[in-house]
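Welcome! Please open the structure in your viewer, switch to a cartoon view, and keep the selection tool at hand.

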Amino acid sequence: MHRCLQLAKLGSGNVAPNPMVGAVLAHEGRIIGEGYHEKYGEAHAEPNCINSVKEKDRHLISQSTLYVSLEPCSHVGKTPPCADLIIKNKIPKVIIGCLDPFAEVRGKGIEKLKAAGIEVEIVLENECRELNKRFMIFHEQHRPFIILKWAETANGKISSDGAERLSISNEFTNRLVHKWRSEEAAILVGTNTAMMDDPQLTTRLWAGNNPARLVVDMNLSLPSSLKLFDGSVNTIVFNSARHEEQGKTSFYQVTQDVSLIHQIVNALNHLKIQSVIVEGGARLLQSFIDEDLWDEARVIKNEELMINNGLAAPVIDNGTISSKERIFTDTVGIYKNPDTNC
């Protein structure tokens with residue numbers, strides 16, 4: 001199953017909104033086939049695994065155990081049901097990492113296998129769920145997986161009081177941030193961040209997909225000259241005035257009398273956006289924290305930079321440190337919300 005997880009990760013960035021899945025076929029302790037879900041809309045891990053078996057070993061398929069990190073699908077989607085393929089190949093035992101929370105599957109794959117007389121076992125469930133935490137949260141809690149990200153000085157400032165933008169993180173952690181962006185479906189900023197920093201919110205420093213750009217602009221005060229509106233990436237503007245599409249820019253109307261954070265989260269669920277990384281500003285980030293609507297926080301602290309005056313960084317009261325790494329001047333801390341159950 002550990003090998004399944006290794007294989008599954010190879011599909012990162014290419015299979016969303018599908019989950020990452022790896023599969024291994026073993027006969028008496030020897031791996032005779034392995035595969036993973038390589039690209040959205042194409043073959044799942046199970047057929048790739050079975051098809052990888054060499055001709056000289058194909059007679060062993062019906063005597064082997066299939067390991068797969070996620071419950072085999074049982075419905076017709078973009079590809080045929082994997083459970084049917086397993087049954088067709090007369091594989092006697094299937095060891096699964098975790099159940100698929102998608103409504104069209106959700107236990108039905110296991111039921112179909114057992115009904116066909118196939119032995120089913122579940123192992124490493126927590127590790128397999130962690131791999132696809134975005135997928136799990138989205139289908140079980142009907143909201144995106146929410147990551148908060150900011151950079152702060154050694155004395156906890158997120159920006160200076162001056163008109164010029166304060167560059168806090170170094171070039172290496174900047175590249176890391178672009179890697180993070182490539183792993184998520186969307187990226188969100190507030191009005192002030194969009195206006196003051198004029199960010200592109202792309203993955204130009206990393207080879208990967210650009211996330212959808214989201215910006216809060218309640219009064220539609222942001223100028224069209226901003227890089228956010230250059231038409232290069234799908235962009236959604238949360239506002240209180242209109243609801244329409246203009247090319248790659250969509251205007252999503254929200255109201256002033258209900259929690260903006262909850263409206264955004266509900267909108268992303270409706271739009272089938274499974275994950276979002278919130279990159280500022282401080283007020284927007286703190287709002288997510290205060291509403292307890294976050295799963296991870298990634299904080300870059302420049303240990304060698306201090307400023308006398310400036311905007312205080314957000315404060316997390318209930319986060320638990322998951323990892324900490326020093327990258328030259330910066331410390332990258334990953335915090336997890338203890339209330340998150342993926």
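Here is a short tour, stop by stop, through a predicted model.

**Stop 1: the open sheet**

Begin by colouring the strands. Ten of them, in the order S11-S12-S10-S9-S8-S13-S6-S14-S17-S16, make up an open sheet with mixed pairing. Now select residues 244–246 (S11) and 320–327 (S16): these strands stand at the edges with a single partner strand each, so one side of each has no neighbour in the sheet. As you go across the sheet, neighbouring strands are turned by 20 degrees against each other on average, direction ignored.

**Stop 2: a parallel pair and a helix across it**

Next, select residues 145–153 and 275–278. These are S6 and S13, which run parallel and are joined by four bridges. Show Leu148 as sticks, and opposite it in S13 you will find Val278. Then add residues 133–141, which form helix H6. Helix H6 lies across S6, S13 and S14 (296–302), and runs at about 125 degrees to S6.

**Stop 3: strand S1 and its partners**

Move to residues 22–27, strand S1. Are its residues buried or exposed? Six of its six residues are buried. In a regular strand, side chains alternate between the two faces of the sheet. Try that on S1: Gly22, Val24 and Ala26 point one way, while Ala23, Leu25 and His27 point the other way.

Now bring in S2 (residues 30–36), which pairs with S1 in the antiparallel sense over six bridges. Ala26 stands opposite Ile31 in S2. Also select S3 (residues 65–68), which runs antiparallel to S1 and is joined to S1 by four bridges. Here Val24 has Tyr67 as its bridge partner.

**Stop 4: unusual backbone spots**

Most residues other than glycine have a negative phi, and most peptide bonds are trans. With that in mind, zoom in on the turn of the hairpin formed by S1 and S2, where two residues lie between the strands. Glu28 sits there with a positive phi of about 50 degrees, although it is not a glycine. Glu28 is exposed, with a relative accessible area of 74%.

Arg106, in the loop between S4 (93–96) and helix H4 (108–115), also has a positive phi, of about 35 degrees. At 47% relative accessibility, Arg106 is partly exposed.

Finish with two cis peptide bonds. One runs from Ala16 to Pro17, with omega near 10 degrees; Pro17 lies in the loop between helix H1 (2–9) and S1. Another runs from Gly280 to Gly281, with omega near 5 degrees, and Gly281 is in the loop between S13 and helix H10 (282–290).

How values were computed:
Residues are numbered from 1 along each chain as its sequence is written. This is a predicted model: local features need pLDDT of at least 70, side-chain atom pairs count only at pLDDT 80 or more; totals for chains, interfaces and linings use all residues. Side-chain values use heavy atoms; hydrogens and water are left out. Two strands pair if DSSP finds at least two bridges between them. Axes are lines fitted to C-alpha atoms, for helices over the stretch in contact, and angles run from 0 to 180 degrees between N-to-C directions. Contact means heavy atoms within 4.5 Å. Buried means under 20% relative accessible area, exposed over 50%, partly exposed in between (1.4 Å probe, protein chains only).
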